[in-house]
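Colleague: I have a structure to go through before planning bench work. Could you take my questions one at a time?

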Amino acid sequence: MFTNLGPTVYDYAHIGNFRSFIFEDLLRRVLELDGFKVRHVMNFTDVGHLTSDADSGEDKMQVGAQREKKTAWDIANFYISAFKEDIKKLHLKEPEIWPRATEHINEMIELIQTLEKRGYTYVTEDGVYFDTAKMKGYGRLAKLDAKGLKAGARVDIGQKRHSTDFALWKFSLGRKRDMEWDFTTEVIVSDDRFKELVEISKKNPNVQILEVEDVK
């Protein structure tokens, strides 16, 4: 299987975006020429791409919706169609599978719940984050010197525990968006961590503690 990251469909893809798609098309053709059977998958990011590198800011789909006075769903459909037309104009081979992020929300929730049960996540006022310190060897593939990174030097890390931590799920803060899903999980926490979650739920009405059971 050959998988490559597709566009965030809040606007037209520009020439810089297509540089990577042309390279991936070339790679696919070389693999097929060498006799490999290629199953090509390219996703559409139609939710969850924030405007800031700091895991903050508005969802780009919502920005596009506000710009054009349409729903985020309408924006996604329009720019997906536009991207496919551009693919044809450039004579790029179409992928066999075009998954959309919004079609796999349930799988994302299940994955986050699994990570939570294994102790890899934590909750802040604005979302659920992956704790990179819990994963031995994190960043090895990218040759990332996590210890050498200066927290907040490039972007504000907010309530993240480490500069390398990243958001798995973002809460809606302050207003309703076109694209929203409920996220519920069951997790065992310490008394101190439970107190922290109570304080977070007081500040953010979208975070609710539904049921408490003493496991001692």
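**A buried leucine and its surroundings**

Modeller: This is a predicted model. L92 is buried, with a relative accessible area of 10%.

Colleague: Where does L92 lie?

Modeller: The relative accessible area of L92 is 10%, and the cut-off for buried is under 20%, so L92 counts as buried. It is not part of a helix or strand here; L92 is in the loop between α3 and α4.

Colleague: Which residues does L92 touch, leaving out those up to four places away in sequence?

Modeller: The C-alpha atoms of L92 and D25 are 6.2 Å apart, although 67 residues separate the two along the chain. D25 is also one of the residues that L92 touches. With residues up to four places away left out, the list is F21, I22, D25, R29 and I87.

Colleague: Is F21, from that list, buried or exposed?

Modeller: The relative accessibility of F21 is 5%. The cut-off for buried is under 20%, so F21 counts as buried.

**Aromatic rings**

Colleague: What kind of aromatic pair do F18 and F21 form?

Modeller: A pair of aromatic rings is described by the distance of the centres and the angle of the planes. For F18 and F21 the centres are 5.6 Å apart and the planes are at 75 degrees. Planes over 60 degrees apart count as edge-to-face, so the F18 and F21 pair is edge-to-face.

Colleague: About how many helical turns separate F18 and F21?

Modeller: F18 is buried at 7% relative accessible area, and F21 is buried at 5%. Both sit in helix α1 (residues 15-33), three residues apart, so the separation is about one helical turn.

Colleague: Which residues do ring pairs link into a cluster with F18 and F21?

Modeller: The count of aromatic pairs in the protein comes to 13. Ring pairs join F18 and F21 into a cluster with F44, F83 and W98.

Colleague: What kind of pair do F130 and F166 form?

Modeller: F130 belongs to strand β4 (residues 127-130) and F166 to strand β5 (residues 166-170), and their positions lie 36 residues apart in the chain count. The ring centres are 5.2 Å apart and the planes are at 15 degrees. Planes under 30 degrees apart count as stacked, so the F130 and F166 pair is stacked.

Colleague: Is F166 buried, partly exposed or exposed?

Modeller: Its partner F130 counts as buried at 7% relative accessibility. F166 has a relative accessible area of 30%, which falls between the limits of 20% and 50%, so F166 is partly exposed.

Colleague: How far apart are the C-alpha atoms of D126 and K170?

Modeller: D126 lies in the loop between β3 (121-123) and β4, and D126 is buried, with a relative accessible area of 18%. D126 and K170 are 44 residues apart along the chain, and their C-alpha atoms are separated by 5.9 Å.

**Helices α2 and α3, and the loops after them**

Colleague: How are α2 and α3 oriented to each other?

Modeller: The axes of α2 (residues 60-68) and α3 (residues 72-89) come within 8 Å and cross at roughly 95 degrees. Angles of 65 to 115 degrees count as roughly perpendicular, so α2 and α3 are roughly perpendicular.

Colleague: How many nonpolar residues does the contact of α2 with α3 have?

Modeller: On the α2 side the contact is made by M61, G64, A65, R67 and E68, and on the α3 side by A72, I75, A76 and Y79. By class, two are charged, one is polar and the nonpolar residues number six.

Colleague: Is K69 buried or exposed?

Modeller: K69 is in the loop between α2 and α3. It is not a glycine, yet its phi is positive, at about 55 degrees. Relative accessibility of K69 is 75%, and the cut-off for exposed is over 50%, so K69 counts as exposed.

Colleague: What is the phi of H91?

Modeller: H91 is in the loop between α3 and α4 (105-117), and H91 counts as exposed at 64% relative accessibility. Although H91 is not a glycine, its phi is positive, at about 60 degrees.

**The whole chain**

Colleague: What percentage of the residues counts as buried?

Modeller: The protein has five helices and five strands, in the order β-α-β-α-α-α-β-β-β-α from the N terminus. Of its 216 residues, the buried part is 36%.

Note on methods. Residues are numbered from 1 along each chain as its sequence is written. This is a predicted model: local features need pLDDT of at least 70, side-chain atom pairs count only at pLDDT 80 or more; totals for chains, interfaces and linings use all residues. Side-chain values use heavy atoms; hydrogens and water are left out. Axes are lines fitted to C-alpha atoms, for helices over the stretch in contact, and angles run from 0 to 180 degrees between N-to-C directions. Helices (H or I, at least four residues) and strands (E, at least two) are DSSP runs, numbered from the N terminus. Angles under 35 degrees count as roughly parallel, over 145 as roughly antiparallel, 65 to 115 as roughly perpendicular and the rest as oblique. Contact means heavy atoms within 4.5 Å. Ala, Val, Leu, Ile, Met, Phe, Trp, Tyr, Cys and Pro count as nonpolar, Asp, Glu, Lys and Arg as charged, and the others, Gly among them, as polar. Buried means under 20% relative accessible area, exposed over 50%, partly exposed in between (1.4 Å probe, protein chains only). Rings of Phe, Tyr and Trp (its six-membered ring) pair if their centres lie within 6.5 Å; planes under 30 degrees apart count as stacked, over 60 as edge-to-face and the rest as tilted.
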